[in-house]
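Here are a few exercises to work through with the model open beside you. Try each task before reading its solution.

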Amino acid sequence: MRTVRVVRRAAALAGAGALLMVLPGNAHAAAPKFSETTAIGTHNAYDKGKYAYFAQALDSGASLLELDVYVDSITHRWRVSHSNPLGNDNNCEAAKTPGELYSKSRNQDFGSCLDNIAAWNQLHPDHPPIVFKVEMKVGFNGRANMGADAFDTLVSQKLGNSVYKPADLLGGTYSSLDAAAKANAWPTRDSLKGKFLFELIPGTVEQSNPFDHYWTDQEYGDHLRDLYAAGHISAAQAFPAVLGAANGDPRASRYDASIRPWFVFFDGDAATYVNNGYDTSFYSANHYISIMTGADGVSPAISSTNPTEAEVAARLALLAKDHASLITSDWSAEPASVLGSVTSRS
């Protein structure tokens, strides 16, 4: 298996660029596409218990960082918190410039998290691609002008052309994300340096609300379909994900046929995939992005917070063979030296 490691120095040494190294014996190997690798992400990276500042989460080298967002329809703010829908509880700070990072007041809203990302991006313009997994805890609220359009506008205003968007995958050639993915139109990891991708999933509160039957995944899928039909797909900033491990193609039973082709991200529990023997080759064969969460829980289970570097490396190799694109756990500062590891996806 070809192995690539992204080495990024920790927060104490923030400022150095990322170094991409191909291990000996692969000096002439073709640069892998984004769909052809497996990398590591951190669950709830906004948690101050994991990183004092969100910029440190970015420094960690992790290829996916998760943010939980609540739409506050009263104040029209995008709150970032695990369980408080009316307040912010996170490590995003009131910092809009590189010089302000690691020093300002925290517990800011989603817009400030994006400001931190933009400021950090100025310090690390050649960083490897990073996926931001955004859990919309209570979903969107278009009636309060906090729908998918507003989300797109906020991300675009804050991050501009540093976002790799659905329109970029379509490339003006394909009529759906599914068609583009099946053609493996994903760019190489090298060409995604300095780029961010956004994955959207429905939230736990949204899913448990008996009166909410229009979850984030379906709403954003409709959004992509309608934007494309209107010739405005370039406005979309995110990829909706099919949430939950399942065998076969889970889109067939969940979504109207008109939006199924707009889902190429799949997100589910790693142990459910592996322990049930699901045929996960479906994802790599079609060049879909498969995010396997709770990677520590796959047998034999390892620590969800403080595993050894060897354990993380072994888990990465194991789930790469199971066709994961990204594996996640609560790994954060430890083991920092392997959070940036990237290996070939089988």
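**Exercise 1.** What should the 13 residues of helix α11 (residues 309-321) span, and how far apart are its end C-alpha atoms?

Before we start: this is a predicted model, where local features need pLDDT of at least 70 and side-chain atom pairs count only at pLDDT 80 or more, while totals for chains, interfaces and linings use all residues. Residues are numbered from 1 along each chain as its sequence is written, and side-chain values use heavy atoms, leaving out hydrogens and water.

*Solution.* Helices here are DSSP runs (H or I, at least four residues), as are strands (E, at least two), numbered from the N terminus.
- The expected span is 1.5 Å times one less than the number of residues, which for α11 should be 18 Å.
- The end C-alpha atoms of α11 are 19 Å apart, which agrees.

**Exercise 2.** Which residues of α11 are buried, and which are exposed?

*Solution.* Use relative accessible area: buried is under 20%, exposed over 50%, partly exposed in between (1.4 Å probe, protein chains only).
- Val 312, Arg 315, Leu 316, Leu 319 and Ala 320 are buried.
- These buried residues cover an arc of only 135° around the axis (taken from the directions from the helix axis to the C-beta atoms), which puts them on the same side of α11.
- Ala 310 and Lys 321 are exposed on the other side of α11.

**Exercise 3.** What covers the buried residues of α11?

*Solution.* Look for contacts, meaning heavy atoms within 4.5 Å. The cover includes the strands β3 (37-42), β10 (289-293), β11 (326-329) and β12 (341-344), along with helix α9 (270-275).
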